[in-house]
Amino acid sequence: MSDPRRADARPWFREDPEGLLCTHIEGDLSEDAASALAAACQRINDSGRDVLMLCDARRMGTVPAPTRKAMADGFRPVRFIAIAVFGASFAVRVITTLATKSIQILNRNAYPVEFFETEAEARAWLVAQRDAAGAGQRPVA
């Protein structure tokens, strides 16, 4: 069995029919992968929509400090509605929480970030956030 925390993380992201940006990262997140993800989020914003991100963190490794900086810089102009992360280890939860809080402070843009055990739970929560935002309600943290 191969080690899921390889240094050469392979990011995967796509927008699904429900309008969610679905991400899956295996291994440690690189600066290049973080920049590519930020660019994908910005393209969604440029099309006039806010971002709902569904993150599969089951095989995610670490997020080094330079990558966190690249994320903070790249996500600065992005308007998120909500982010749902599923399958994250304790370490990934801590890093994700710290990174998103710092990005929110820099952007002066608060949005909920929640962690779930399963994709189905995360997806259901994100759809509810999308529907609440579409109805003019503030997303629920």
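This report describes the fold, cores, helix packing and selected residues of a predicted model.

## Overall fold

The protein chain contains 4 helices and 5 strands. Along the sequence these elements are arranged as β-β-α-β-α-β-α-β-α.

Of the 141 residues in the protein chain, 43% are buried. Among contacts in the chain with a separation of 6 or more, 71% are between residues 24 or more positions apart.

## Nonpolar cores

The largest nonpolar core has 27 residues. The members that touch the most other members are Leu-29, Cys-41, Val-51, Met-53, Phe-75, Phe-80 and Ile-83. At least two residues of this core come from each of β2 (21–26), α1 (31–46), β3 (51–56), α2 (65–75), β4 (80–86) and α3 (90–107). Helix α1 gives the largest share, with 6 residues.

A second core, separate from the largest, consists of 12 residues. Cys-22, Ile-81, Ala-82 and Leu-126 are included in this second core.

## Packing of α2 and α3

Two packed helices are described by the angle between their axes and the distance between the axes. For α2 and α3, the angle is about 40° and the axes are 10 Å apart. The crossing of α2 past α3 is right-handed.

On the α2 side, the contact is formed by Arg-68, Met-71, Ala-72 and Phe-75. On the α3 side, Ile-95, Ile-103, Leu-106 and Asn-107 take part. Sorted by class, the residues in the contact of α2 with α3 are 6 nonpolar, 1 polar and 1 charged. Phe-75 of α2, part of this contact, is also one of the members of the largest nonpolar core that touch the most other members.

## Helix α4

Helix α4 covers residues 119–134 and has 16 residues. At 1.5 Å a residue its expected span is 22 Å, and its end C-alpha atoms are 22 Å apart, so the two values agree.

The buried residues in α4 are Ala-122, Arg-123, Trp-125, Leu-126, Val-127, Gln-129 and Ala-132. An α-helix has 3.6 residues a turn, so residues three or four places apart point the same way. The elements covering the buried residues of α4 include β2, β3, β4 and β5 (113–116). Leu-126, buried in α4, belongs to the second core.

## Selected residues

Thr-23 lies in strand β2. Its relative accessible area is 5%, so Thr-23 is buried, the cut-off being under 20%. Leaving aside residues up to four places away in sequence, Thr-23 touches Trp-12, Phe-13, Leu-37, Met-53, Leu-54, Cys-55 and Asp-56. Of these, Met-53 is among the members of the largest nonpolar core that touch the most other members.

Two further residues are located in loops. Leu-29 sits in the loop between β2 and α1 and counts as buried because its relative accessibility is 5%. Leu-29 is also a member of the largest nonpolar core. The C-alpha atoms of Leu-29 and Thr-67 are 7.0 Å apart, although these residues are 38 residues apart in sequence. Ser-89 is in the loop between β4 and α3. With a relative accessible area of 26%, Ser-89 is partly exposed. Between the C-alpha atoms of Ser-89 and Arg-58 the separation is 7.4 Å, with their positions 31 residues apart along the chain.

Note on methods
Residues are numbered from 1 along each chain as its sequence is written. This is a predicted model: local features need pLDDT of at least 70, side-chain atom pairs count only at pLDDT 80 or more; totals for chains, interfaces and linings use all residues. Side-chain values use heavy atoms; hydrogens and water are left out. A nonpolar core is a set of buried Ala, Val, Leu, Ile, Met, Phe, Trp, Tyr and Cys residues joined through side-chain atoms within 4.5 Å. Buried means under 20% relative accessible area, exposed over 50%, partly exposed in between (1.4 Å probe, protein chains only). Axes are lines fitted to C-alpha atoms, for helices over the stretch in contact, and angles run from 0 to 180 degrees between N-to-C directions. A crossing is left-handed if the near helix is turned anticlockwise from the far one by less than a right angle, and right-handed if clockwise. Contact means heavy atoms within 4.5 Å. Ala, Val, Leu, Ile, Met, Phe, Trp, Tyr, Cys and Pro count as nonpolar, Asp, Glu, Lys and Arg as charged, and the others, Gly among them, as polar. The expected span of a helix is 1.5 Å times one less than its number of residues.
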